[in-house]
Amino acid sequence: RRVRIDVVTIFPGYLAPLREALLGRAIEAGLVELGVHDLRDWTHDVHQAVDDSPYGGGPGMVMRPQVWGEALDAVLAAGPARLVVPTPAGRPFTQATAQAWAGEERLVFACGRYEGIDQRVVDSYAARMPVDEVSIGDYVLVGGEVAVMVMVEAVVRLLPGVLGNPVSAQEDSFSDGLLEGPAYTRPVSWRGLDVPEVLRSGNHAAIARWRRDRALERTAARRPDLLDALPEDALDRADRAF
Ligand SMILES: NC(=S)c1ccno1
C-alpha cells in the first residue's frame, strides 16, 4: 500500500530533505510517493503575488484565496485526499494523529505563511473533504514548511516497510502514554559513568520493571500532563508504588 503525499509551498527547495536518508529510501522503494509543488506556478501576474494585506488591518500579509484555490484544485484533481494546513492556531499534532494519517491513501499539505491563508480556502475545501488545521507546537515559524517535514517524517516512519525494525514504531515514546526512559550502549563505563547494573543482569523482569520506573519518573518530572491523561487502568500496583 503506497501513500501519496503532495506539498504545496512557495519554498519547494525547503522540502528537499524529505528525499534524503530513510524517507528518501522509502520513496525509492515505492512505499511513499512525494510531490512538491511551487504555489507560484498558479499565479498569473508578473509579480507572482501570493499574498495581500489583511482586511480589517493588522500586521503581516494573508495568502490570497484564488492562487490557493487553483493550486489545490490542480493537485486534488488526482483524487480524494486529506488536506492538512499547519498553523499555530491548529489542533495539536500528536503521535495519534500520525498513526491515523498513516492509514490514509493521500495527504495534501498546504504550507502557508504564519499570518495564514485566507480562511475561505479551508472553509471551501472542508465542505467536500477532510481538512485538518494542525499545530506541531506552541511556537511560531516563518512558514508551514518545517512543520510539514516534521509531520511527514512522523507519518512515513509508521508505514510498513519503512523502518527496518517495525516493533520500535509500536514501542515509541507515547505508545504506552509515557515518555521513553534512558538508553545505554557500550562501553560499560564512559567518563566515569557506568551503565545501570540491572541492564546487564539478564533478569528480564527486573529490566522491564526498571525501565518502566524510569519512564514513570521521567514522565512525572517532564510531562505530568501525560500522567494525568493516562486511562484509569494504565498504571498497575507496581507502577503506583513508584
Ligand atoms: N506551530 C506551527 S504548526 C506553525 C506553522 C507556522 N508557524 O508555526
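Q: How do the residues that line the largest cavity divide into nonpolar, polar and charged?
A: In this predicted model, the lining of the largest cavity is made by Ile-5, Leu-18, Leu-23, Ile-27, Val-32, Leu-34, Val-152 and Val-156. When these lining residues are sorted by class, no polar residue and no charged residue is found among them, and the count of nonpolar residues is 8.

Q: Which elements give two or more residues to the lining of the largest cavity?
A: The structure holds 1 cavity of 30 Å³ or more, and the largest cavity contains about 50 Å³ of space. Its lining includes Leu-23, Ile-27, Val-32, Leu-34, Val-152 and Val-156. The elements that contribute two or more residues to this lining are α1 (21–28), β2 (32–38) and α5.

Q: Which residue of helix α1 has a positive phi although it is a residue other than glycine?
A: The helix in question, α1, spans residues 21–28. Phi is near 45° at one residue that is not a glycine, and this residue, found in helix α1, is Ala-21.

Q: Which residues lie closest to the centre of the second largest pocket?
A: The second largest pocket has a volume of about 490 Å³. It is lined by 20 residues, and those closest to its centre are Phe-93, Thr-94, Gln-95, Ala-96 and Phe-174.

Q: Which helices each supply at least two residues of the lining of the second largest pocket?
A: By class, the lining of this second pocket is made up of 11 nonpolar, 5 polar and 4 charged residues. At least two lining residues come from each of the helices α3 (95–101), α5 (145–156) and α8 (224–229).

Q: At what angle do helix α2 and helix α4 pack?
A: Helix α2 covers residues 65–76 and helix α4 covers residues 119–126, and their axes lie 9 Å apart. As α2 passes α4, the crossing is right-handed, and the angle between the two helices is about 35°.

Q: Which residues of α4 make the contact with α2?
A: On the side of α2, the contact is made by Pro-65, Trp-68, Gly-69, Leu-72, Asp-73 and Leu-76. Across both helices, the contact residues divide into 6 nonpolar, 1 polar and 2 charged. The partners that α4 brings to this contact are Arg-120, Val-121 and Tyr-125.

Q: Which two residues are joined by a cis peptide bond?
A: The proline of this bond, Pro-187, sits in the loop between α6 (167–170) and β8 (189–190). With omega at about 5°, the cis bond joins Arg-186 and Pro-187.

Q: What is the mean pLDDT of the protein chain?
A: For the complex as a whole, the predictor gives an ipTM of 0.98 and a pTM of 0.93. Within the protein chain, 96% of the residues reach a pLDDT of 70 or more, and the mean pLDDT is 94.

Terms used. Residues are numbered from 1 along each chain as its sequence is written. This is a predicted model: local features need pLDDT of at least 70, side-chain atom pairs count only at pLDDT 80 or more; totals for chains, interfaces and linings use all residues. Side-chain values use heavy atoms; hydrogens and water are left out. On a 1 Å grid over the protein atoms alone, a cavity is a set of points where a 1.4 Å probe fits but cannot get out, and a pocket is an open set with protein on both sides within 12 Å along at least five of seven lines; lining residues have an atom within 4 Å of a point. Grid points are joined across faces, edges and corners, and a volume is the space filled by probe spheres set on the points. Helices (H or I, at least four residues) and strands (E, at least two) are DSSP runs, numbered from the N terminus. Ala, Val, Leu, Ile, Met, Phe, Trp, Tyr, Cys and Pro count as nonpolar, Asp, Glu, Lys and Arg as charged, and the others, Gly among them, as polar. pLDDT is the predictor's confidence in each residue, from 0 to 100. Axes are lines fitted to C-alpha atoms, for helices over the stretch in contact, and angles run from 0 to 180 degrees between N-to-C directions. A crossing is left-handed if the near helix is turned anticlockwise from the far one by less than a right angle, and right-handed if clockwise. Contact means heavy atoms within 4.5 Å.
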